[in-house]
Amino acid sequence: MTNDVSGTLDMFDSSADSTFVRAGGPQITSHRFNAPRSDTRFFVKNAILAALSLQDLAAMGEFLEPVVMNARMLLQEPKRHLAHVYFLESGLISLRIVAAGCILETAIIGSQGVVGATALLGGHVSTYQAVVLFPGRAHRIRVDDLYRLMGKRPEIREHLLRYVQALSLHCAQTGLCGVRHDREKRLASWICLASDAVDANVLPVTHEYLSSVLGLRRAGVTETLNRFEEQHLIRKTRGVIQIGERRCLEQKACSCYKLISGAYAATALSISHFD
């Protein structure tokens with residue numbers, strides 16, 4: 001696990017007047033995913049792509065295009081047609097429900113995951129908003145192309161469905177956590193999950209953001225994080241949280257953390273043994 005996150009200067013601002021940027025345009029690089037060599041899987045950081053057979057990865061590579069994800073970029077929007085599925089290489093995505101001017105984050109997605117994978121459950125219309133929280137990179141593929149590939153190569157579908165099952169549990173468990181667990185446990189869980197997702201101990205996230213997406217009072221978030229710092233679990237600087245005593249922080253987290261992280265770990269294990 002690293003102690004830094006690329007692009008930490010592009011902090012996410014969750015204030016009400018933040019401007020979101022839709023994916024596309026100049027953020028898309030001009031070259032496509034190169035045809036894989038025998039050692040390509042070691043250079044693919046996305047866990048799902050890296051687990052594919054070389055044949056399946058080569059088939060996917062014909063349709064994948066690299067994307068630079070800037071902070072606040074919208075990768076999908078509620079009630080909008082899903083055009084692409086994104087395989088994250090780095091960065092962090094906030095998956096949330098937006099209704100009546102309120103935001104509820106249901107999951108966070110890093111390089112172990114995919115944005116837009118719920119399209120596999122049927123229909124091309126998104127029910128979620130996916131926003132880039134930490135800038136990074138991804139490979140994207142058109143939904144129609146992915147459907148055709150899955151029809152020809154069922155192992156790609158199986159890999160993705162295993163991930164979707166873990167993501168669905170994450171979303172459901174987040175809803176339960178919001179009504180059953182206290183502020184301290186929820187904050188500790190979010191920090192641990194985010195750290196896992198980006199494989200880093202430094203998280204460029206503000207108190208305001210945590211307050212907004214977790215539905216907590218800003219003053220309460222600050223009070224809890226100050227207590228974590230006093231206990232040497234984290235260290236705070238402006239807009240950045242650095243994890244200190246990771247094991248002790250996990251002990252502060254609610255049971256949701258173990259359930260969610262366990263689901264992703266089981267998915268990774270089943271995918272790695274799929275062949």
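## Leu 214 and the cavities

At 10% relative accessibility, Leu 214 counts as buried, where buried means under 20% relative accessible area, exposed over 50% and partly exposed in between (1.4 Å probe, protein chains only). This is a predicted model, where local features need pLDDT of at least 70, side-chain atom pairs count only at pLDDT 80 or more, and totals for chains, interfaces and linings use all residues. Residues are numbered from 1 along each chain as its sequence is written, and side-chain values use heavy atoms, without hydrogens and water.

**Exercise 1.** Place Leu 214 and find its contacts.

*Solution.*
- Step 1: Leu 214 sits in helix α6, residues 207-214. Helices are DSSP runs (H or I, at least four residues), and strands are too (E, at least two), numbered from the N terminus.
- Step 2: Set aside neighbours within four places in sequence; Leu 214 then contacts Arg 186, Leu 187 and Trp 190. Contact means heavy atoms within 4.5 Å.
- Step 3: Compare Leu 214 with Leu 104: 110 residues apart in sequence, 6.5 Å apart in space, C-alpha to C-alpha.

**Exercise 2.** Describe the lining of the largest cavity.

*Solution.*
- Step 1: A cavity is a set of points on a 1 Å grid over the protein atoms alone where a 1.4 Å probe fits but cannot get out; lining residues have an atom within 4 Å of a point.
- Step 2: The lining has 16 residues, and Thr 174, Cys 177, Trp 190, Leu 193 and Leu 214 lie nearest the centre of the cavity.
- Step 3: β6 gives the most, with five residues.

Definitions and conventions. On a 1 Å grid over the protein atoms alone, a cavity is a set of points where a 1.4 Å probe fits but cannot get out, and a pocket is an open set with protein on both sides within 12 Å along at least five of seven lines; lining residues have an atom within 4 Å of a point.
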